[in-house]
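I opened the notebook with two topics to look up, the packing of aromatic rings and a contact between parts of the chain. The entries follow in the order in which I checked them.

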Amino acid sequence: MAITDILSAKDIESALSSCQADDSFNYKSFFSMVGLSSKTPDQIKLVFGILDQDKSGFIEEEELQLFLKNFSSSARALTSAETKAFLAAGDTDGDGKIGVEEFQSLVKA
């Protein structure tokens with residue numbers, strides 16, 4: 001399954017263009033712009049499955065750093081500061097990674 005099966009390519013392009021500069025990524029505005037915030041829990045779970053590159057059931061820091069590349073291969077990697085802030089916002093149980101329930105909460109925050 002491709003991410004464009006769930007989210008519009010036009011929305012993805014618009015969201016990615018809003019955070020091209022280093023340290024300009026804001027997960028709340030990105031989720032809203034890409035249309036993820038308005039999706040059902042099952043659709044969010046499908047997106048989580050795409051983002052969970054190693055299929056471990058979690059999005060780890062390395063996967064978060066490459067978060068934008070899941071939407072477009074030409075997108076930039078997140079900076080270390082962006083990655084750490086994103087992880088801190090999503091990792092509510094403190095295990096150093098984001099599970100599917102944590103991701104769903106983060107998207108709907």
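Entry 1. I began with the aromatic residues of this predicted model, and found that Phe25, Tyr27, Phe30, Phe31, Phe48, Phe67, Phe71, Phe86 and Phe103 form one aromatic cluster. For the structure as a whole I noted 13 aromatic pairs.

Entry 2. From these I took up the pair of phenylalanine 31 and phenylalanine 86, whose ring centres are 6.1 Å apart and whose planes are set at 55°, so that the pair counts as tilted, since edge-to-face would need an angle over 60 degrees. I then looked up where the two residues lie: phenylalanine 31 belongs to helix 2 (residues 27-33) and phenylalanine 86 to helix 5 (residues 80-90), so that, with their positions 55 residues apart, the pair links distant parts of the chain.

Entry 3. I asked next whether these two rings are buried or exposed. Phenylalanine 31 counts as buried because its relative accessibility is 0%, and phenylalanine 86 likewise counts as buried because its value is 1%, with the cut-off for buried set at under 20%.

Entry 4. I also looked up a contact between a charge and a ring, and recorded that the charged end of lysine 97 sits over the ring of phenylalanine 58, at 4.3 Å from the ring centre.

Entry 5. Last, I turned to serine 14, which I placed in helix 1 (residues 9-17) and which counts as partly exposed because its relative accessibility is 35%. Between serine 14 and valine 34 I noted a C-alpha to C-alpha distance of 7.5 Å, although the two are 20 residues apart in sequence.

Key:
Residues are numbered from 1 along each chain as its sequence is written. This is a predicted model: local features need pLDDT of at least 70, side-chain atom pairs count only at pLDDT 80 or more; totals for chains, interfaces and linings use all residues. Side-chain values use heavy atoms; hydrogens and water are left out. Rings of Phe, Tyr and Trp (its six-membered ring) pair if their centres lie within 6.5 Å; planes under 30 degrees apart count as stacked, over 60 as edge-to-face and the rest as tilted. Helices (H or I, at least four residues) and strands (E, at least two) are DSSP runs, numbered from the N terminus. Buried means under 20% relative accessible area, exposed over 50%, partly exposed in between (1.4 Å probe, protein chains only). A charge sits over a ring if NZ of Lys or CZ of Arg is within 6 Å of the ring centre and within 35 degrees of the ring normal.
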